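Hi everyone, thanks for making time. I'll walk you through one structure today, so have a look at it first.

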Amino acid sequence: MMAMFQYFFYTLLMELPVVTVFYSNEWKKILIIGFLLNLFTWPLLTLLYFYTDIHLLFLELGVLIIEAIGFRIFLVGSLKKALLVSFLANSLSLFVAVLLNGISIL
Amino acid sequence: MKKLLLFLLLFFCMFTAIADMPGHIYREPVNVQFKNIVSLGEYHLYISDYDTLIEIKSDTTYIITASQGSPHCVIFFAKNNKGETDSMNLCEYDQQNTVIEFNGIAENKMIFTQISLSLGHASEDTSRDINSQKINDESFFAKNTTLCISLSIAALLALVLLFIYYKRKNRT
C-alpha cells in the first residue's frame, strides 16, 4: 500500500512549497488546505487514470481547476492567482511524475 | 484571463513532445501459466507484484493486469532455506501470454522453457492445471479502490467542515 501512497507524499512535497510561496502570509492554513485538496484529488486521479481511458492531461486539468477553486475559496487572492498557483504546482508534480515513471502524456 | 488560459493550454501541449516512452495507451492484461512447479523440489516459487509477495504452491495461471502508463511487471523466483535463485521479470507491456514450464533447478538457477503466445491465441490447457489457483487480483489498485474513494470523500467532508469553521470564525 505504501508503494502507492508514496507518490501522494511526493506530490505533497512538490506542490505544497510552491503554493506556500504564493500564499506565504497564510502558510499554516495552506498546509491544511493543500493537504486536504490533494487528498481529495489524488486518489480520484489515480483511480481514473488506471481504470479509464481519459487522457492524463484532461485529468490533470480537472485537478488543476478543483484545486484552484479550493485556493480561491479558502485563501485570500483572485481566481487568476489561484489558477496560476494551481497550474504551477500541478505542472511541477506532473512533470516530475512523467520523468520518474517514464509515462508519456501523448 | 484569456492569456493565462492560452498559456496553460500551450504549456500542456508542450508535454506532447515527449516521445519514446510507454504511453497512455490501452493494453490488455496478459496471462502467465506456471507449469510443473513440482519439479522445483524443495524450492518454493514466489511472485513479487508491486509490494505483494505471493507464494505459488501449485500450477497456476497468473494474470498481470494492464497498466495504461508505465509497464506493470512482476518478478518470479524460487527460494529455499539456503537462498534464492536468480529472478526473472515479466511485463504486460510485451502484450503476450506466456507459458513457463519448469524443469528443475541447477546451480541456483531455475531451468524452464518459456513459450510466448499472442493474446488472441487460445490459452494453453488451463483446465489441466491441478489445483489451479487462478489469481486475478486486478492489480494492486483494485484492492485499494474503496480506500481511495473513502479518502477522497473524507477529504471533501473535511474541506466542507473547514469552510464552515472559517466562515463562522470570520463572522465572530
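Before anything else, one term: two strands count as paired if DSSP finds at least two bridges between them. And keep in mind that this is a predicted model.

Okay, the sheet in chain B. It's an open one with four strands, in the order β4-β1-β7-β8, and the pairing is mixed. The edges are β4 (60-64) and β8 (109-118) of chain B, and each of those pairs on one side only. From one strand to the next, the twist averages 20°.

Let's start at the β4 side. Strand β1 of chain B, residues 30-35, runs antiparallel to β4(B), with five bridges joining them. One to find on your screen: B:Val30 has B:Ile64 in β4(B) as its bridge partner.

Now the other edge. β7 of chain B, residues 96-106, is antiparallel to β8(B), and 10 bridges join the two. Here B:Ile105 sits opposite B:Met110 of β8(B). The β7(B)-β8(B) hairpin has two residues between its strands, and B:Glu107 takes a positive phi near 50° there. So is β8(B) buried, or does it lie in the open? Of its 10 residues, one is buried, so β8(B) lies largely in the open.

Last stop: where two chains meet. The axes of α2 in chain A (residues 27-51) and α3 in chain B (residues 145-171) come within 8 Å, crossing at roughly 150°. Over 145 degrees counts as roughly antiparallel, so that's what α2(A) is to α3(B). What kinds of residues make up this contact? There are 13 nonpolar, three polar and no charged ones. Among them are A:Leu36 and A:Phe40 from α2(A), and B:Ile149 and B:Leu156 from α3(B).

Technical notes:
Residues are numbered from 1 along each chain as its sequence is written. Chains are lettered from A and ligands numbered from 1 in the order in which they are written. This is a predicted model: local features need pLDDT of at least 70, side-chain atom pairs count only at pLDDT 80 or more; totals for chains, interfaces and linings use all residues. Axes are lines fitted to C-alpha atoms, for helices over the stretch in contact, and angles run from 0 to 180 degrees between N-to-C directions. A residue is buried if 20 or more other C-beta atoms lie within 10 Å of its own, exposed if 12 or fewer, and partly exposed in between; C-beta atoms are placed from the backbone. Angles under 35 degrees count as roughly parallel, over 145 as roughly antiparallel, 65 to 115 as roughly perpendicular and the rest as oblique. Two residues are in contact if their C-beta atoms, placed from the backbone, lie within 7 Å. Ala, Val, Leu, Ile, Met, Phe, Trp, Tyr, Cys and Pro count as nonpolar, Asp, Glu, Lys and Arg as charged, and the others, Gly among them, as polar.
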